[in-house]
Amino acid sequence: MKMKDMMSSRIEIGIIIRVLILEMFAFCVAKGGNITTIDWIVQETSYTRLCSTKDILTVNGEFPGPTLELSKGETIYVNVHNQGTYNVTIHWHGVKQPRNPWSDGPEYVTQCPINPGANFTYEITLSEEEGTLWWHAHSDWTRATVHGPIIIKPRNGTTYPFANPTAEIPIVLSSWFKGDVMEIITDALATGGPPSTADAFTINGQPGDTQSCSSESMFMLATILTKSTLILINALIFFLFVDMTKFEVDQGNTYLLRVINAVLEEELFIGIANHTMTVVGIDASYIKPINTSYIMITPGQTMDILLTTNQSPSHYYIAARAYAQFAYCNATTTAIISYSGNYTAPSSPPLPDLPSYTDTDAATAFTNQFRALASNNYPIDVPQTVDKRILMTISINTLPCDLKNGTCAGTNGERDAASMNNISFVCPSIDILQAYYKNITGVFTTDFPVEPEQVFNYTMDPMLGNRYTMASNGTKVLVFDYNTTVEIVFQGTNVLNGSDNHPIHMHGYSFYKVGSGFGNFNETSDPSGYNLVDPPLINTVGVPKNGWSAIRFKASNPGVWFMHCHLEVHVSWGMATVLIVKNGPTAATSLRKPTYINPCLGVSSGSFRHEHDTSWHVQMGHGYDLNTVMT
């Protein structure tokens with residue numbers, strides 16, 4: 001290792017060990033029941049990966065960031081101090097935040113961002129979630145390095161729906177860019193073209209030994225873990241024994257892997273050589289166990305997986321690589337499972353046999369197995385009938401080039417875009433929740449279409465021409481009466497040959513995935529194949545390439561909630577909309593009053609296309625009547 005890299009690594013280790021000591025104290029005090037507020041510092045921290053050193057945005061100097069370990073139904077406050085150089089917000093992905101979108105986090109949807117030098121306190125309120133979720137920045141592309149796990153244990157006096165594991169292992173999969181990720185997306189939006197892809201994936205912050213300069217610093221896990229000290233010991237061991245390149249396990253035990261896909265752009269295939277995994281949960285909801293040699297997990301999704309170490313003592317690779325259709329990072333990230341005991345380790349441990357990068361059949365075969373546990377202790381409530389049906393196309397589009405020279409770097413010299421029902425979401429300069437609550441007109445409209453404005457063969461191969469490729473800008477929302485039962489069919493399209501597997505995430509809700517298929521959705525015949533008995537309860541659904549997915553939910557959480565593709569470039573291009581759920585008949589079924597509204601001091605620098613001048617909305621007639629929306 002070069003002297004410069006050694007010095008950087010020592011500095012990195014020192015910073016994080018100091019942070020871990022402070023966090024251990026804060027964590028213990030918080031869990032003692034006397035203090036329910038913890039402080040996070042968003043700051044620039046120097047990290048060395050792939051033979052180069054750069055500053056990245058972190059929470060408390062950590063990449064990935066600190067873990068929140070809570071119990072089902074618990075509430076905690078997190079005071080976020082922004083000491084970085086960019087605006088930031090934090091989203092608690094998969095936490096429903098009942099009646100409290102004020103702490104949900106997406107910039108210019110439920111709050112204006114926390115400016116450098118400012119702070120904001122989030123209230124994280126758990127309800128029925130149990131399992132693994134995660135938190136991440138929701139301002140520009142800062143989530144590339146600002147993210148971490150949320151581990152939700154069963155309530156006191158209850159247990160898992162499976163035997164207690166020997167230990168629990170968080171596995172956070174992330175993207176790593178050699179360049180400045182904020183500059184990458186800002187430059188792409190300025191020119192109208194696509195951003196560059198990541199240079200590597202990481203497992204718990206490390207690319208693995210298939211990447212240059214990383215073989216001396218892979219992630220290791222020792223078997224001395226206890227559930228209450230999992231994260232702190234996990235990180236301390238890694239940093240104290242950086243030459244170790246392995247997860248250490250004992251033969252004959254069962255470990256609970258808490259897997260999080262925090263990658264920006266790629267779905268991932270993951271496997272462990274010579275081992276079978278048992279998937280028992282997805283998006284903090286239990287499912288009927290699935291035994292599999294690989295998983296496919298989309299950005300935004302989380303999975304709980306049981307691993308039984310029943311092989312001969314040796315070294316085995318855990319590996320992950322992309323499942324994608326277009327531009328993607330083709331690197332493979334690795335870590336090593338190392339059994340304890342006396343044996344001669346192989347010079348080249350076996351790799352798992354993963355599907356190919358474009359193997360849609362393998363991805364579909366895995367996801368089609370999801371079924372809710374649906375037991376007496378974990379009941380489900382699937383809407384058997386619906387009040388409102390929505391058919392929503394999701395497309396890659398273009399917008400007219402607005403550069404002075406008339407030529408953008410996007411498709412056909414235009415500006416690359418994305419849309420839902422051909423509306424490309426434009427982020428306003430004041431958050432939609434505040435505008436809704438305070439009756440500030442001219443910020444959004446309530447005329448988001450409930451079906452495509454143009455009906456065509458959505459998955460024909462391929463579709464070109466302005467009639468289909470050009471999207472329309474807008475800040476349009478969907479409005480639901482309280483307790484409306486809703487069905488949304490997400491229809492993938494092949495506009496500009498841009499069909500992909502789109503992970504659609506809904507804030508404020510989990511929903512039931514009742515069906516999916518390939519081709520164009522048939523409203524007459526396809527609903528007959530719905531699973532209304534034990535569909536999985538999830539918060540992020542994959543819409544298959546050239547196909548569709550149907551979800552159902554009850555609109556019982558009043559407020560303003562973002563819905564978007566979790567491929568980061570697609571939400572930057574506008575594949576998003578907002579759901580407004582009106583108040584119910586009582587105070588307990590109505591939007592809570594805010595304790596504090598973050599000031600809107602200026603438009604963020606980066607990844608959304610903003611409409612800087614709110615007069616544009618007024619000129620276009622984008623007013624609304626609060627009486628018809630909020631009550």
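How many disulfides does the count come to in this structure? Keep that question in mind while we look around a model that is predicted. The count comes to 2 disulfides. A disulfide is a covalent bond between the sulfur atoms of two cysteines.

Let's take the pair C112 and C600 to begin with. A disulfide joins these two cysteines, with 1.8 Å from S to S. The torsion about their S-S bond is about 80°, so this disulfide is right-handed. Now find the two residues along the chain. C112 sits in the loop between β5 (90-93) and β6, while C600 sits in the loop between β32 (576-581) and α8 (615-619), so the pair ties together parts that are 488 residues apart in sequence. Are the two partners buried or exposed, or something in between? C112 has a relative accessible area of 1% and is buried. C600, with a relative accessible area of 30%, is partly exposed.

The other link to find is the one between C401 and C408, where the S to S distance is 2.2 Å. With 85° about the S-S bond, this link is right-handed, and both C401 and C408 are buried. What about C427? This cysteine is in no disulfide. The nearest cysteine sulfur to C427 is that of C112, 9.0 Å away, and a pair must lie within 2.5 Å to count as a disulfide. C427 is buried, at 0% relative accessibility.

Next, turn to the sheets. Strands of a sheet pair through backbone hydrogen bonds, either parallel or antiparallel. One open sheet has 4 strands in the order β2-β1-β4-β6, and its pairing is mixed. At its edges are β2 (52-59) and β6 (119-125), each pairing on one side only. From one strand to the next, the twist averages 25°. Within this sheet, β1 (residues 37-49) and β2 run antiparallel and are joined by 8 bridges. To see one bridge for yourself, look for S46, whose partner in β2 is D55.

Another open sheet has 5 strands, ordered β24-β32-β31-β26-β29, again with mixed pairing. Here β24 (477-480) and β29 (540-543) stand at the edges with a single partner strand each, so one side of each is left without a neighbour in the sheet. Neighbouring strands of this sheet are turned by 20° against each other on average, direction ignored. Further in, β26 (residues 502-506) pairs with β31 (residues 559-565) in the antiparallel sense over 3 bridges. M506 offers an example, as its bridge partner in β31 is M563.

Conventions: Residues are numbered from 1 along each chain as its sequence is written. This is a predicted model: local features need pLDDT of at least 70, side-chain atom pairs count only at pLDDT 80 or more; totals for chains, interfaces and linings use all residues. Side-chain values use heavy atoms; hydrogens and water are left out. Two strands pair if DSSP finds at least two bridges between them. Helices (H or I, at least four residues) and strands (E, at least two) are DSSP runs, numbered from the N terminus. Axes are lines fitted to C-alpha atoms, for helices over the stretch in contact, and angles run from 0 to 180 degrees between N-to-C directions. Buried means under 20% relative accessible area, exposed over 50%, partly exposed in between (1.4 Å probe, protein chains only).
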